[in-house]
There are 2 protein chains.
Amino acid sequence: MKAEILSIGTELLLGQITDTNAAWLAQQLPDFGVDLYYISQVGDNRQRLTETLRRALSRSDLVICTGGLGPTEDDLTREAISDLLGEPMEVHPDLEKALRGYFGGRGIEMPERNLKQATLIQSAQALDNPVGTAPGWWVENQGRVIVCMPGVPHEMKTMWQNQAVPRLSERTSGGFILSRTLKILGKGESAVEEMVEDYIHSNNPTLATYAKNDGIHLRITAKADDEATARDLVFELEIKLRERLGTLIYGQDDETLEGVIGTMLQDNSLFLGVMEAGTGGVLSALLNDAPQSPAFFRGGLVSQQPEMLAAWGVDPALIEEHSILSKEVVEAMATAARQSLGTEAGLAVCAAPRADTFKGKPAGQIFMAVDLRGTVKSAELSYRSNPSEIKRLGTIFGLNLLRRALLK
Amino acid sequence: MKAEILSIGTELLLGQITDTNAAWLAQQLPDFGVDLYYISQVGDNRQRLTETLRRALSRSDLVICTGGLGPTEDDLTREAISDLLGEPMEVHPDLEKALRGYFGGRGIEMPERNLKQATLIQSAQALDNPVGTAPGWWVENQGRVIVCMPGVPHEMKTMWQNQAVPRLSERTSGGFILSRTLKILGKGESAVEEMVEDYIHSNNPTLATYAKNDGIHLRITAKADDEATARDLVFELEIKLRERLGTLIYGQDDETLEGVIGTMLQDNSLFLGVMEAGTGGVLSALLNDAPQSPAFFRGGLVSQQPEMLAAWGVDPALIEEHSILSKEVVEAMATAARQSLGTEAGLAVCAAPRADTFKGKPAGQIFMAVDLRGTVKSAELSYRSNPSEIKRLGTIFGLNLLRRALLK
């Protein structure tokens, strides 16, 4: 099956936004044995959009569109498909009812222009959008498929998983492809690749490394005629990799670092409190993202001002002597977090995202400490990167320090 | 002049990398009065690449290619252009000398496969690459231009600035394009579009609306023969829009909501403390992103557990009576934030990203409150969306409530 992605919106051609949807979708397609040959970005122009859709439909079995489903006159994806197939857009009563309900639930009257979001053409089924106003379209025409989804990434991803994937799985037959991703923290990509070098060139299963936001991902992918064989192939290599990499592996597939830590804390009936200076709330926010967060995360104290840290229990003399960005203060912060929030575990991170975050300290320095029932461990790192990346790194490596302390 | 961008590389079609080059280039083109109509990503396949180049050259005056200039068999941009124009690739002695010099200078013998990086076709000039091995190509054919640059972003950007821009400036005469973006919070996209409907269809300047992460963006774009005229055209419409939209507009162009609020607080010598329940640190993290953050942001208290809110000064009886997710408690939180952090302004947000965040409360409910030197204002909203979006909305609308309080 040959696929093609069209990302629709003039803001893409003006460089106002980067097309992250296409890359995300491109990563999903190999699991269905679908080959992606083209990605295009096209503006909100009815004629050019129709022409691009016509070419895509002539050379691809599956055309995946994102964007252009909003209520405004610039949103022309439906119109272009209607033009291309010569099928008029008609308001669908159920969709209209749902749309009016959506607005009514917010106590707002629906602007009449939104009504076009309740239209379908004859060849289209609606794809439910539980997180926005625009339903998608699933269009079947002469054995080929056009899927239209919103351009807002989280709406697109939800619709893809819940609506497009089941329909697509039905259509792609034969050849079972199975993947497993192992997630690693504590080594860089080249070091991990060297550790598993003998498997990198194998054919089935294949093994690939990716440097990601939350560490290094090792992706095992096997193809077979049936699911059981594919599963065995993946499992055999997974066992070998786990033996070799041990606790460098913190999770697999959909598991997140914060979720894994949440489970460890919850299993041991431990509550966690954090204090962060320089990362500004990013650590607390990530812990709050864990689904079991209410069961282990007590709260966070966020400030990079000495008087606030002192108010929360850090000895001002330590700050005076070593400055905030130091091993001594970050260790005191971990203990203060534990005591002030009344928890068994305390985690603290101090990071300098900019050269002016802490006077006289270089950008990129990161200190982190864990206090687990009074036993304190700390670590230090230094990275050259932009401010938001430094905050993220402080958070990720701080959490990994906590994970390693909990392993013992 | 009509332009088109081709990003070349199979890694783009596998989703292994996101195409940031295209968005960067797209942002550069309006300055030359060049209209960008298409962006495409295509893999390392000689036939598909040649076909895509042929179509691009048939409909665009300027085709900008990135990627596929490396030394390996997968790097096929030169070959495809050679095929398309029927001009053989020939090693150019000066380029060969420079290339061998590049390797020699590093004490490495040049792999023979790199020799193709020293080739040209008859219609091509070489574009110098001071930061890598692959020179670019500037190809002129029947009045149209193909520019080929490396895919590595910093090599591409250097080559664009130093080599492509001077050649392009020579070819594009006159035509100055200027844009201004007004950023709006407090109305949805359709409502804003209805408020400015009479300008949406104007030709020069054009006006377009975009729904963004931080509100609705209104983009004014004018074309003229000279900068002063373009500036006047933009300014004239901007004045009318500002009259009509008033304080719904919070900023323009590169200004951020947190930056605008930071400036308002700093100008009035006010410090801000926040308390957040349910948003988990996202509000603090956004305020910390403001460049002037140390000058106005004292810190954040993050928890959704009643005992912690009580420890930070919220009356436990209020929580007992109304639950955390209520007007009464969020107002008490704003005051407690102000008092506990010792600031003039306190901002509190309570949000339920999930149905289980606060027992018996629906997902999507958001309360926010501001205490400005003892005067308390609050607001309530409800959204249907995913957890991270609800946290973000609580943060953005909480900050907008603070902005409106500071305006008075």
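Biologist: Let's start with chain A: what makes strand E13 and strand E14 of chain A partners, and how many bridges join them?

Modeller: This is a predicted model, by the way. Strand E13 (residues 272-277) and strand E14 (residues 297-302) of chain A are joined by five bridges and run parallel. Two bridges are enough to call strands paired, so E13 and E14 of chain A qualify. One place to look is A:Val274, which stands opposite A:Gly300 in E14(A).

Biologist: Which strands form the open sheet, and in what order?

Modeller: There are ten, and both chains contribute: E17(A)-E16(A)-E15(A)-E13(A)-E14(A)-E14(B)-E13(B)-E15(B)-E16(B)-E17(B), with mixed pairing.

Biologist: Which strands stand at the edges, and why do we say so?

Modeller: Those are strand E17 (375-382) of chain A and strand E17 (375-382) of chain B. Each has a single partner strand, so one side of each is left without a neighbour in the sheet. As for twist, neighbouring strands of this sheet are turned by 10° against each other on average, direction ignored.

Biologist: Which helix of chain B packs on the sheet?

Modeller: Helix H15 (residues 387-407) of chain B does, touching strand E15 (345-351), strand E16 (365-372) and E17 of chain B. The direction of H15 makes about 30° with that of E16(B).

Biologist: How many residues does the contact between the chains take from each?

Modeller: Chain B puts in 51 residues and chain A 49. On the chain B side, E2(B) gives the most, with seven residues. By class, that side of chain B has 22 nonpolar, 21 polar and eight charged residues.

Biologist: What makes strand E2 of chain A and E2(B) a pair, and in which sense do they run?

Modeller: Again it comes down to bridges: strand E2 (residues 35-42) of chain A and E2(B) share five, in the antiparallel sense. The cut-off is at least two, so the two E2 strands count as paired. Within that pair, A:Gln41 stands opposite B:Ile39.

Biologist: Now a single residue. Why is A:Val147 called buried or exposed?

Modeller: A:Val147 has 23 C-beta neighbours inside 10 Å. Buried starts at 20, so A:Val147 is buried. A:Val147 lies in strand E8 (residues 144-149) of chain A. Leaving aside neighbours within four places in sequence, A:Val147 is in contact with A:Ile64, A:Cys65, A:Gly136, A:Trp138 and A:Ala164.

Biologist: And A:Arg373, why is that one called buried or exposed?

Modeller: A:Arg373 has 10 C-beta neighbours inside 10 Å. Exposed means 12 or fewer, so A:Arg373 counts as exposed. In chain B, B:Arg373 also has 10 such neighbours and is exposed by that rule.

Biologist: What is the phi of A:Arg373?

Modeller: Phi of A:Arg373 is positive, about 50°, although the residue is not a glycine. B:Arg373 has a positive phi too, near 50°. Most residues other than glycine have a negative phi. You'll find A:Arg373 in the loop between strand E16 (365-372) and E17 of chain A, and B:Arg373 in the loop between E16 and E17 of chain B.

Biologist: How do you know whether the peptide bond from A:Asn204 to A:Pro205 is cis or trans?

Modeller: Check omega: the value is near 5° for that bond, and the bond is cis. A cis bond also joins B:Asn204 and B:Pro205, with omega about 5°. Most peptide bonds are trans. A:Pro205 is in the loop between helix H8 (197-200) and strand E10 (206-212) of chain A.

Biologist: What do E7(B) and E8(B) form, and how many residues lie between them?

Modeller: They form a hairpin with two residues in between, and B:Gln142 in the turn has a positive phi of about 50°. Five bridges join E7(B) to strand E8 (residues 144-149) of chain B, running antiparallel. B:Trp137 stands opposite B:Cys148 there, and B:Trp137 is also the bridge partner of B:Ala126.

Biologist: Last one: which residues have the most contacts inside the largest nonpolar core?

Modeller: A:Met333, A:Ala348, B:Met333 and B:Ala348, in a core of 130 residues. The largest share, eight residues, comes from helix H14 (residues 327-341) of chain B. Apart from that core lies another of 92 residues, and A:Val147 is among them.

Key:
Residues numbered from 1 in each chain as written. Chains lettered and ligands numbered in written order. Predicted model: local features only at pLDDT ≥ 70, side-chain atom pairs only at ≥ 80, totals over all residues. Helix = DSSP H or I, 4+ residues; strand = E, 2+ residues; numbered from the N terminus. Contact = placed C-beta atoms within 7 Å. Axes fitted to C-alpha atoms, helices over the stretch in contact; angles between N-to-C directions. Nonpolar A, V, L, I, M, F, W, Y, C, P; charged D, E, K, R; others polar. Core = buried A, V, L, I, M, F, W, Y, C linked by C-beta atoms within 7 Å.
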